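Me: I would like a close look at the charged pairs in this model. Please keep to what can be read from the structure.

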Amino acid sequence: ALGELGSLNWESLRNADMEAEHLAKLTALHTLHLKQPDLSDAGLARLTALKGLNHLNLEFSGVTDEGCRHLTAFPQLRSLVLTDTAIGEAGLAHIGQ
């Protein structure tokens with residue numbers, strides 16, 4: 001069943017912020033690759049129910065420094081990809097907490 005899905009790679013998702021609400025129901029996910037320009041801070045906030053995430057790829061996303069504060073909601077996170085995002089030093093400070 002999809003509820004037991006452990007890994008998901010989804011590119012070019014339309015309305016990523018809206019779809020994040022549905023993705024957040026896949027609570028068994030440990031790896032999530034979302035190369036989504038449409039994914040914003042609000043979409044990342046919707047994903048915080050995924051407490052078991054070990055690997056999160058937000059490459060090319062619209063997540064900003066402010067959105068990085070939501071990353072603290074992923075206690076198991078061990079790998080994070082932020083290539084080609086607008087995240088700078090302020091965002092890295094949130095990640096370091």
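With which residue does arginine 69 form a salt bridge, and how far apart are the closest N and O atoms?

Reply: This is a predicted model. In it, arginine 69 forms a salt bridge with glutamate 66, and the closest N and O atoms are 2.6 Å apart. Arginine 69 is partly exposed, with a relative accessible area of 42%, and glutamate 66 is partly exposed too, at 45%.

The count of salt bridges comes to 3. Glu11, Lys35 and Glu59 are joined into one network by salt bridges that share partners. In this network, the side chains of glutamate 11 and lysine 35 meet at 3.9 Å, N to O. That pair links distant parts of the chain, since glutamate 11 sits in strand β1 (residues 7-11) and lysine 35 in strand β2, 24 residues apart. Lysine 35 also forms a salt bridge with glutamate 59, where the closest N and O atoms are 3.6 Å apart. Glutamate 59 lies in the loop between β3 and β4 (79-81) and lysine 35 in strand β2, so this pair ties together parts that are 24 residues apart in sequence.

Burial varies within the network. Glutamate 59 counts as buried because its relative accessibility is 15%, under the 20% cut-off. Lysine 35, at 26%, counts as partly exposed, as does glutamate 11, at 42%.

Lysine 35 is also among the residues touched by asparagine 57, including Leu32, His33, Leu34 and Val81. Asparagine 57 is found in strand β3 (residues 55-57) and counts as buried at 6% relative accessibility. Its side chain makes a polar contact with the side chain of histidine 33, at 3.3 Å.

Methods
Residues are numbered from 1 along each chain as its sequence is written. This is a predicted model: local features need pLDDT of at least 70, side-chain atom pairs count only at pLDDT 80 or more; totals for chains, interfaces and linings use all residues. Side-chain values use heavy atoms; hydrogens and water are left out. Helices (H or I, at least four residues) and strands (E, at least two) are DSSP runs, numbered from the N terminus. Buried means under 20% relative accessible area, exposed over 50%, partly exposed in between (1.4 Å probe, protein chains only). A polar contact is a pair of N or O atoms within 3.5 Å; within protein, one must be able to donate a hydrogen and the other to accept it, and residues adjacent in sequence count only if both atoms are side-chain atoms. Contact means heavy atoms within 4.5 Å. A salt bridge is a side-chain nitrogen of Lys or Arg within 4 Å of a carboxyl oxygen of Asp or Glu. Lists of a residue's contacts leave out its neighbours within four places in sequence.
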